[in-house]
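Thanks for coming, everyone. Please put the model up on the screen, and I'll walk you through it.

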Number of protein chains: 2
Amino acid sequence: MTETTFDEVDQRILGILQIDSNIPIAEIAQQVALSPTPVWRRIKRMEAAGLIRARVALVDQKLVNVPMTIFIGVTAPRHAMEWFKRFQALIEDIPEVVEAYRLTGATDYIMKVVVPDIDAYDVVYQRMINEVEFTTVNSSISMEELKFTTAVPTKYL
Amino acid sequence: MTETTFDEVDQRILGILQIDSNIPIAEIAQQVALSPTPVWRRIKRMEAAGLIRARVALVDQKLVNVPMTIFIGVTAPRHAMEWFKRFQALIEDIPEVVEAYRLTGATDYIMKVVVPDIDAYDVVYQRMINEVEFTTVNSSISMEELKFTTAVPTKYL
DNA sequence: TATGAAAGACTCCCATC
DNA sequence: GATGGGAGTCTTTCATA
């Protein structure tokens with residue numbers, strides 16, 4: 001069995017790619033004080049290992065007309081697999097739901113929804129409560145985005 | 001004044017790039033039934049307009065050793081600019097805080113934090129309450145990520 | 001790991017229809 | 001908008017040290 005390990009250089013490369021994935025390898029090589037070839041090999045290794053999942057374009061929410069972010073906390077009427085499956089299918093099918101998590105505590109699930117305005121939100125909301133049963137639904141509108149990054153800390157790697 | 005408009009083709013191109021930003025222009029061209037040149041021009045136009053903010057690498061949270069996601073809801077002791085500035089600086093300075101929003105409702109702010117484990121979370125937590133005052137702090141651990149995408153709906157564009 | 005080199009892909013920008 | 005062409009960059013691989 002071959003153990004796969006990653007070092008501080010890999011951490012730094014990941015950190016760079018999480019900010020800009022289009023940066024030329026030669027430039028990354030400069031920043032980590034290596035030549036391009038080994039940097040290229042390290043990136044390939046991290047892709048193969050699955051550390052790097054994808055390279056995506058991030059859009060400006062306001063400019064693509066989905067300036068409104070809403071968090072919805074819900075509780076489930078019963079903790080049964082059948083309900084969960086329907087809930088899961090629902091959120092998967094609604095593109096406005098960009099994130100969803102099952103939580104500890106009083107709120108069973110939290111969802112993050114992006115829409116153009118309140119009217120569009122109500123359409124999503126109506127659809128949700130029509131297709132799946134909830135005991136409580138609690139919506140909080142985001143008035144301001146203070147921080148948003150897809151870059152997670154790599155220092156723990 | 002020149003009005004900048006975007007059509008359904010732009011929507012589709014954005015949708016594609018939000019899933020994979022490394023896909024060759026020639027392939028996008030096929031998918032939207034255009035030749036590469038106009039597709040290239042459309043992408044440049046959307047970049048210039050700021051619709052496309054960045055191209056980033058997404059990493060696997062578990063594989064980079066930050067498998068734990070925690071949501072922290074807080075209320076502020078006073079609604080003063082001085083407090084807000086310190087709070088803002090705090091979250092900006094903590095890489096484990098990947099998202100933060102000011103909300104309507106009972107919870108003033110919600111933060112999303114990613115860490116390796118509970119111990120690492122406590123380090124972040126202690127630092128936060130040491131550096132900034134909060135009236136209430138409410139942490140919910142994510143037991144399961146049901147959905148996570150950086151792709152927002154483009155149909156409203 | 002570094003260096004050098006070479007092939008190929010892709011981007012980018014022409015000019016023309 | 002389509003086609004075609006060409007320069008240039010970047011990726012990818014290999015050979016050598």
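I'll take the strand pairing, then the two DNA strands, then the pocket.

Ground rules. This is a predicted model, where local features need pLDDT of at least 70, side-chain atom pairs count only at pLDDT 80 or more, and totals for chains, interfaces and linings use all residues. Residues are numbered from 1 along each chain as its sequence is written, chains are lettered from A and ligands numbered from 1 in the order written, and side-chain values use heavy atoms, leaving out hydrogens and water.

Start with the strands. Helices (H or I, at least four residues) and strands (E, at least two) are DSSP runs, numbered from the N terminus. Two strands pair if DSSP finds at least two bridges between them. Strand β1 (residues 52-59) of chain A is joined to β1(B) by seven bridges, and the two run antiparallel. One example: Leu58(A) has Ala54(B) as its bridge partner. Is β1 of chain B enclosed or open? Six of the eight residues of this strand (52-59) are buried, so the rest of the structure largely encloses it. Buried here means under 20% relative accessible area, with a 1.4 Å probe and protein chains only.

Now DNA strand C. A residue is near a strand if one of its heavy atoms lies within 4 Å of it. From chain A, the residues around strand C are Leu34(A), Ser35(A), Thr37(A), Pro38(A), Arg41(A) and Arg42(A). Chain B brings Pro24(B), Ile25(B), Trp40(B) and Lys44(B). α3 (36-49) of chain A and α3 (36-48) of chain B each supply at least two residues of this surface. The largest share, four residues, comes from α3(A). By class, the surface near strand C has five nonpolar, two polar and three charged residues. For the classes, Ala, Val, Leu, Ile, Met, Phe, Trp, Tyr, Cys and Pro are nonpolar, Asp, Glu, Lys and Arg are charged, and the others, Gly among them, are polar.

What part of strand C comes within 4 Å of the protein? Of those atoms, 83% belong to sugar or phosphate, and the rest to bases. Look at the phosphate oxygens. One is 2.9 Å from a side-chain N or O atom of Arg42(A). A polar side-chain atom of Trp40(B) is 3.3 Å from a phosphate oxygen. For Ile25(B), a polar backbone atom is 3.3 Å from one.

On to DNA strand D. Around strand D we find Pro24(A), Ile25(A), Trp40(A), Lys44(A), Leu34(B), Ser35(B), Thr37(B), Pro38(B) and Arg42(B). Sugar and phosphate make up 85% of the strand D atoms that come within 4 Å of the protein. Again, check the phosphate oxygens. A polar side-chain atom of Arg42(B) is 2.3 Å from one. For Trp40(A), the side-chain distance is 3.0 Å. Ile25(A) has a backbone N or O atom at 3.2 Å. The α3 helices of chain A and chain B each give two or more residues to this surface. α3(B) gives the most, with three residues. The classes here are five nonpolar, two polar and two charged.

Last, the lining of the largest pocket. Which element gives the most? β2(A) does, with five residues. The lining has eleven nonpolar, 16 polar and no charged residues.

That's my tour; over to you.

Notes. Buried < 20%, exposed > 50% of the residue type's maximum accessible area, 1.4 Å probe, protein only. Polar contact = N/O pair within 3.5 Å; in protein donor to acceptor, adjacent residues only side chain to side chain.
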